[in-house]
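Please look over the sequence and the model shown here before reading the briefing.

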There are 2 protein chains.
Amino acid sequence: MEKYIKELKAHKLKITPQRLDILSFLDKNRIHPSADEIYKAIKINSPALSKTTIYNNIDVMVKNNIIKSFRFMDSNELRFDYKTTEHYHFICRKCKSIYDVDISLPYLEKFEHYMHKVEEFYGDYKGVCENCLNKKKLKNK
Amino acid sequence: MEKYIKELKAHKLKITPQRLDILSFLDKNRIHPSADEIYKAIKINSPALSKTTIYNNIDVMVKNNIIKSFRFMDSNELRFDYKTTEHYHFICRKCKSIYDVDISLPYLEKFEHYMHKVEEFYGDYKGVCENCLNKKKLKNK
DNA sequence: TCGTAAATTGTAACTATTACAAAATAGATA
DNA sequence: TATCTATTTTGTAATAGTTACAATTTACGA
């Protein structure tokens with residue numbers, strides 16, 4: 001908990017139970033949750049929680065680079081990650097698993113050729129994951 | 001126009017003026033428009049057009065791979081492209097220009113290492129584009 | 001402990017999209 | 001070519017995700 005307080009203080013943000021709940025939830029549940037999922041999870045133990053609080057805080061924490069927001073290419077809801085290194089997501093269309101794919105540096109280098117200065121990037125990939133591919137192979141035997 | 005008719009027929013879709021309008025607009029305006037932008041543009045010459053028609057047809061054409069849909073990482077609206085090769089987008093945070101970045105093959109190869117079968121991919125990049133970087137250099141001189 | 005700026009809450013509004021039913025139409029068939 | 005029917009179009013209403021706003025509460029520096 002101390003770690004989240006430090007993080008908030010470093011950005012001159014007030015320490016509120018709601019903010020600590022959100023940070024703790026995101027840190028302990030690396031499941032790329034939506035705002036609604038965060039809301040529902042925290043509301044269980046803090047029934048007075050308002051959804052606006054979730055949105056407000058998510059917003060301020062994203063702006064302060066404490067957490068990251070992104071969306072999957074075929075979804076209309078934002079999703080959130082506790083501060084992580086840059087990565088892509090691979091989504092299996094069969095089992096819906098989400099794999100984090102660390103892919104940062106080589107891609108950024110590639111972009112230098114375009115002479116644009118890349119500051120942020122985001123990507124996601126869809127297909128069939130290793131597990132599902134193997135299941136299919138077994139069936140075919 | 002003949003080309004759009006062929007395209008629709010190839011997928012056993014009925015030829016309607018609305019569909020031809022959408023295809024023609026997307027083909028001639030490579031501006032990654034949103035559903036609303038497509039709607040407004042076509043409605044000028046076809047005032048009876050309904051927004052539902054846009055959504056219905058966009059949907060059916062995406063499913064038939066006639067057009068592509070995607071969204072920018074920080075936007076909540078879908079955007080559409082006339083059939084193109086796979087590419088990423090680079091968005092300049094200063095001038096808001098969108099650059100198409102052809103980046104397909106090397107990345108897919110890279111993914112083979114993960115043993116997942118990649119079928120679709122999507123990515124976008126944000127930063128400062130070449131033009132805006134050059135402008136800044138001139139100013140500093 | 002107090003005062004104030006900031007945070008929280010609940011409600012209402014807004015935007016993008018989807019659901020649905022009635023009317024219109026494309027295009028196959030006679 | 002006229003007719004028939006499944007498909008498409010339209011308009012309206014509903015929904016999901018998010019944002020705006022005003023009243024109340026709270027964090028925290030003085």
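The notes below take up the surface around one DNA strand and then a pair of packed helices.

This is a predicted model in which local features need pLDDT of at least 70, side-chain atom pairs count only at pLDDT 80 or more, and totals for chains, interfaces and linings use all residues. Residues are numbered from 1 along each chain as its sequence is written, chains are lettered from A and ligands numbered from 1 in the order in which they are written, and side-chain values use heavy atoms, with hydrogens and water left out.

**Surface near DNA strand D**

- Around DNA strand D there are 20 residues (a residue is near if one of its heavy atoms lies within 4 Å), and those that come nearest are A:Ile15, A:Tyr55, A:Leu78, B:Thr16 and B:Thr53.
- Of the atoms of DNA strand D that come within 4 Å of the protein, 72% belong to sugar and phosphate.
- A side-chain N or O atom of B:Thr16 lies 2.3 Å from a phosphate oxygen of DNA strand D, while for a backbone N or O atom of A:Ile15 the distance to a phosphate oxygen is 2.7 Å.
- Helix 4 of chain B contributes the most to this surface, with four residues (helices are DSSP runs of H or I, at least four residues, numbered from the N terminus).

**Helix 3 and helix 4 of chain B**

- These two helices pack at an angle of about 125° with their axes 10 Å apart, where axes are lines fitted to C-alpha atoms over the stretch in contact and angles run from 0 to 180 degrees between N-to-C directions.
- In helix 3 of chain B, residues including B:Ile38 and B:Ile42 meet residues of helix 4 of chain B, among them B:Ile54 and B:Ile58 (contact means heavy atoms within 4.5 Å).

Definitions and conventions. Polar contact = N/O pair within 3.5 Å; in protein donor to acceptor, adjacent residues only side chain to side chain.
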